[in-house]
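Open your viewer and get ready to make some selections. We will go stop by stop.

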Amino acid sequence: MPSLEGKVALITGAGGRKGIGRATALKLAALGADIALTDVTRPQSDLPPQERGDKWQGIESVAEEVRAHGRKCQTVACDLSVNAEVRDLIDTVIGEFGKIDIMINNARAIIGKDRVPVWELDEAEWQHFLDINLTAVYLTIKYTVPHMMERGQGGRIINTASDASKRGKATSSAYSATKFGLLGLTQCAALDLAPHQITVNSVCPGSVNTDRMSYQEQIAADRQGVPLETYRAQLVEQLGQVNPLGRIVESEDVANLIAFLSSDEAEMITGQAYNVNGGTLFH
Ligand SMILES: NC(=O)c1ccc[n+]([C@@H]2O[C@H](COP(=O)([O-])OP(=O)(O)OC[C@H]3O[C@@H](n4cnc5c(N)ncnc54)[C@H](O)[C@@H]3O)[C@@H](O)[C@H]2O)c1
């Protein structure tokens, strides 16, 4: 793996205990990058069971792990659906580190309430998905890029998209529409920023073993009369069995690709959308 020594990376949605954001933070730190982590403060009821209670402190816990790698780590609370908070986030990180080399847009709206047929989808929920999954990415790019351009050292922007960016499915209109949109944003921003040697790429994971919070899975678990953890474990097992490579994708699999796209070795790659799915989708 290439070195990221001397680089600074900002990662959104980074507080999940098994999330892609945490795995990415640890991978990049292991490769030598200093890290800024951000997340929104969520009520206990909106956390996956493994993160409830006081043992897991979201981005503060991830920051401790990053520092254990000997890297600097800053945490910033930010609601990405609020324009002024996104602007302040970027200013705060620039204030601390003097630069952002790698911007990783990983946060997403919590899934579940959106999982209804399109005609039943609440407009506020639709808007919530647009705000966090798409507008927030546009905003982080808008506020980060002037700093990257001013330094004249290029940069890396990596957006966590999904297989839902490439294939629609029933009851996923809001999620899929925003994730398809993210690929459009990635391509256009890549061309806008190419003259500045700032690359913009997406990674497209299949189902990942992240313990993400899903209201829909909570309801399904309640119906079966089992804890959410048990329901989720069954799902992970089933998804592994139908995956051509025989297991579900882990957050670290996605982090490995993000790490490469973050590096100098990826300087000729831009506007792309790479799958990490074990062979469940090819385009
Ligand atoms: N888990 C999967 O199976 C899977 C599959 C494909 C793509 N992805 C994508 O990977 C990325 C990470 O997924 P995950 O499962 O690791 O994470 P996750 O769903 O557990 O967490 C997303 C993070 O976004 C944060 N967030 C939510 N609302 C926010 C707001 N208003 N402001 C700031 N942050 C907010 C949450 O607090 C959380 O930390 C997401 O973009 C997701 O769409 C995940």
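This tour visits a ligand site, a residue inside a helix and a pocket. Keep in mind that the model is predicted.

**Stop 1: the ligand**

Select the ligand and the residues around it. Which residues come nearest? Of the 24 residues around the ligand, the nearest are Asp39, Asn106, Arg108, Tyr175 and Val208.

Now zoom in on the oxygen atoms of the ligand. Start with aspartate 39: a polar atom of its side chain is 2.6 Å from a ligand oxygen. Go next to asparagine 106. Here a polar backbone atom lies 2.8 Å from an oxygen atom of the ligand. Finish with threonine 210, where a polar side-chain atom sits 3.0 Å from a ligand oxygen.

**Stop 2: asparagine 133**

Select helix α4, residues 123–151, and find asparagine 133 in it. Is asparagine 133 buried or exposed? Its relative accessible area is 1%, which is under 20%, so asparagine 133 counts as buried.

Show its side chain together with that of threonine 178. A polar contact of 3.1 Å joins the two. Then add the other residues that asparagine 133 touches, leaving aside those up to four places away in sequence: Ala107, Arg108, Ala109, Tyr175, Lys179 and Leu182. You have met two of these names before: Arg108 and Tyr175 are also among the residues nearest the ligand.

**Stop 3: the second largest pocket**

Select Val40, Thr41, Arg42, Gln57 and Gly58. Of the 16 residues lining the second largest pocket, these are the closest to its centre. The pocket holds about 350 Å³ of space. Colour its lining by class: you get 5 nonpolar, 7 polar and 4 charged residues.

Technical notes: Residues numbered from 1 in each chain as written. Predicted model: local features only at pLDDT ≥ 70, side-chain atom pairs only at ≥ 80, totals over all residues. Heavy atoms only, no water. 1 Å grid on protein atoms, 1.4 Å probe; cavity = no way out; pocket = protein on both sides within 12 Å on 5 of 7 lines; lining within 4 Å. Points joined across faces, edges and corners; volume = space filled by probe spheres on them. Nonpolar A, V, L, I, M, F, W, Y, C, P; charged D, E, K, R; others polar. Helix = DSSP H or I, 4+ residues; strand = E, 2+ residues; numbered from the N terminus. Buried < 20%, exposed > 50% of the residue type's maximum accessible area, 1.4 Å probe, protein only. Polar contact = N/O pair within 3.5 Å; in protein donor to acceptor, adjacent residues only side chain to side chain. Contact = heavy atoms within 4.5 Å. Near = heavy atom within 4 Å.
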